[in-house]
Amino acid sequence: MGQCCKFFLLITATLTAWTGYKVYETLNFTPPVPVLASDHWWGPGKPTKSVDKSIREFKLEFKSDMINDLQARLSKAKFYTEPIEGVGFEYGFNNIYLKEVVQYWQNEYRFDERLKYLNQYPHFKTNIQGLEIHFVHVKPKNVPPKLRIVPLLLVHGWPGSFVEFYKVIPMLTTPRKDVDFVFELIIPSIPGFAFSQAPSKSDLAEGQIAVVFKNLMDRLGYEKFIGQGGDWGAGIINNMAILYPESFIGVHTNFPFSSDIISAIKMSLSCHLPSFLFDKQHQSEKCPMSKILFELLLESGYFHIQSTKPDTIGVALRDSPVGLAAYILEKFSTWTNNEWRKLSDGGLKKKFSMTELLDNVMIYWMSESITTSMRIYAESVTDTQYRLNFDFLPILVPSAVAKFKHEVIYQTEGQIRSRFLNLVQLSVFSEGGHFPAFEESKVFADDIWSAASKFEDYHKTKKTKTEL
C-alpha cells in the first residue's frame, strides 16, 4: 500500500512538473517572424501588369452636388429621442448637444476655407499591390546644407485620419536649434480609409498593411526611416518593425500594447498584494483591476459590432451624416478623457474646435469610407491573423513610448518593456488621451524630437561597440 502511495505521489509530482514546464514554455514561447508576400494583390480581379505605378498629385474636392446633398440631409435631421434627465454622454452622444453640432455644420462650417486648409499640404496617390494608396508628403523648406533629413512615417487609426497630424506638421518640419536633422513626413491613409482604396479581397489587416506601407516607403526611395503610430497605426508600425527591422531607425508609439501574460499577471497581483513584492515597473496606479476592466467594457461595444458586422452598421452611418457625426465624435469625447462622458457636451471643445472635429468627419463623409474603414476590425480577429502571432513578437528596434494619462488601454512599464526590448525613452504625461497629435500637439511633437535624438545615440553606441 505504501509503495502504491509513493508511486502515485511520484506520478502526480511528475505530471505537475511537466504541466508547470509546459505552462512556462507556453508563456515564454516566442513564435517565428511570419513571412508575408510583398506582391499580394488586394485590388479587384486578378493581378495585372498594366497598373500605373507612378506617384501622382492628388487634390481633395468638395463638389457642389456633395455639399448640396449633405446640406439637404442635415436639414431633414430628426431628433426623436430626448436624453434622460441629468445624463451627459453616458448613453452615447447627447441628442440635445447633437442639435448644436448639426446647426454648426449647416450654418458655420466654411466649406471653401476648410478645403483650402485640407489642401495646404501636398497630397499624392500611387498604386501598390492593386490598391490606390493616398498619402500626404511634406518636405521641410529652406533646409541648411549641413542639416540631415530624416523620413518620418506617421500612421493614423480609427476613427481618425491623416488630418489628425496637421497641427504637428509645421512643428516637425521646421528645423530646431542645436539639432542637426529635421523631418520629412509621409502620412498615408490606411487602405479603406479616406482616399486610399479599400481592398477587394479579405484578410488585409495590420500585418498585410505593414507590407503595403513598406512598399510605399520603398517606392519613395527611403531605405531607413522612423515610424510613428497610435491605435491601428501603432499595430501597423510595430508589424513593419518586426518584418523589416533593418529599415527602421526607430519606432515611436503613443499606443503601446503587449500580450505578455506574465507582466499582465504581475500587474493584476500588484493590485492585491503588498507593493514590496513587485518591481515598480509592474505596479499599476489604476487599481483595482475591476476598474480597468469595467472601463474597457464601457468603451468596447463598438469593437464587437465592427469586428462582426461592419457592413450592417456602415449602411446607417453612410446614409446619415448626423449619425456619422454622432458615432465618430462620441469617440473624441470619451477617448480623450473618459470623465467627459458625464458632461452634456462631452467636453468636445475642451481640446478641439468644432471645425477641427468636423474636418475629420467630412473626410469620412466625402470619401464614403466609413464602412470600409471599419472592416479592419473584422479582418483583424480572424484565424488567419491570430496564426501570424504578431502581438506575441517583441519589437527589437530602438523604441520610444509616450503614455498619455487618459489612453483607453492601460499598460504598466513592465508590460511595455516586455514588448519593446530596446526601449530608449518612456514618457509619461499627466494630460492627453487617444488622439495626442490632435489634442496635445506640442507635447507630442517634442516627444518625437526627443525620441529621434535618442535613436541616433543608440545607433552610434551600437556602431562603436561593433567596431571595438
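In which sense do strand β6 and strand β7 pair, and over how many bridges? The legends below refer to a predicted model, and the first of them takes up this pair.

**View 1. Strands β6 and β7 with helix α7.** Strand β6 covers residues 225–229 and strand β7 residues 248–253; the two pair in the parallel sense over five bridges. Gly 229 stands opposite Thr 253 of β7. Helix α7, residues 232–243, packs on the sheet and touches β4, β6 and β7. The direction of α7 makes about 155° with that of β7.

**View 2. The nine-stranded sheet and helix α6.** The sheet is open, its pairing is mixed, and its nine strands follow the order β1-β2-β3-β5-β4-β6-β7-β8-β9. The edges are formed by β1 (56–58) and β9 (423–429); each has a single partner strand, so one side of each lacks a neighbour in the sheet. On average, and with direction ignored, neighbouring strands of this sheet are turned by 25° against each other. Helix α6 (residues 206–220) lies across β2 (123–128), β3 (131–138), β4 (148–155), β5 (181–188) and β6. Relative to β2, helix α6 runs at about 115°.

**View 3. Salt bridge between Asp 446 and Arg 176.** The side chains of Asp 446 and Arg 176 meet with an N to O distance of 2.7 Å. Asp 446 belongs to helix α18 (residues 441–467), whereas Arg 176 sits in the loop between α5 (169–173) and β5, so the pair ties together parts that are 270 residues apart in sequence. Asp 446 is partly exposed, at a relative accessible area of 24%. Arg 176 is also partly exposed, and its relative accessible area is 29%.

**View 4. Salt bridge between Arg 341 and Glu 299.** Here the side chains of Arg 341 and Glu 299 meet at 2.8 Å, N to O. Arg 341 lies in the loop between α12 (321–334) and α13 (354–367), and Glu 299 in helix α9 (residues 289–299); the pair links distant parts of the chain, 42 residues apart. Are Arg 341 and Glu 299 buried or exposed? Both residues are buried.

**View 5. Salt bridge within helix α16.** Glu 413 forms a salt bridge with Arg 417, and their closest N and O atoms are 2.7 Å apart. The two residues are four apart in helix α16 (residues 413–419), and therefore about one helical turn separates Glu 413 from Arg 417. Glu 413 has a relative accessible area of 28% and is partly exposed. Arg 417, at 35% relative accessibility, counts as partly exposed.

**View 6. Network of Asp 52, Arg 56 and Glu 132.** Salt bridges link Asp 52, Arg 56 and Glu 132 in a network. A search of the whole structure finds 21 salt bridges.

**View 7. Residues 3–11 and 17–25, with values for the chain.** Over residues 3–11 the pLDDT stays under 50, and the model has zero contacts for them beyond four places in sequence. Residues 17–25 likewise stay under 50 in pLDDT, with zero contacts beyond four places in sequence. Where pLDDT is low, the predicted coordinates should not be read in detail. The protein chain averages a pLDDT of 91, and 89% of the residues score at least 70. The chain has 18 helices and nine strands. Of its 468 residues, 52% count as buried. Among contacts between residues at least 6 apart in sequence, 80% join residues at least 24 apart. The protein chain exposes about 22800 Å², of which carbon and sulfur atoms supply 57%.

Methods
Residues numbered from 1 in each chain as written. Heavy atoms only, no water. Pairing = 2+ DSSP bridges. Axes fitted to C-alpha atoms, helices over the stretch in contact; angles between N-to-C directions. Contact = heavy atoms within 4.5 Å. Salt bridge = Lys/Arg side-chain N within 4 Å of Asp/Glu carboxyl O. Buried < 20%, exposed > 50% of the residue type's maximum accessible area, 1.4 Å probe, protein only. pLDDT = per-residue confidence, 0-100. Areas by Shrake-Rupley, 256 points an atom, 1.4 Å probe, with all protein chains shown as cover.
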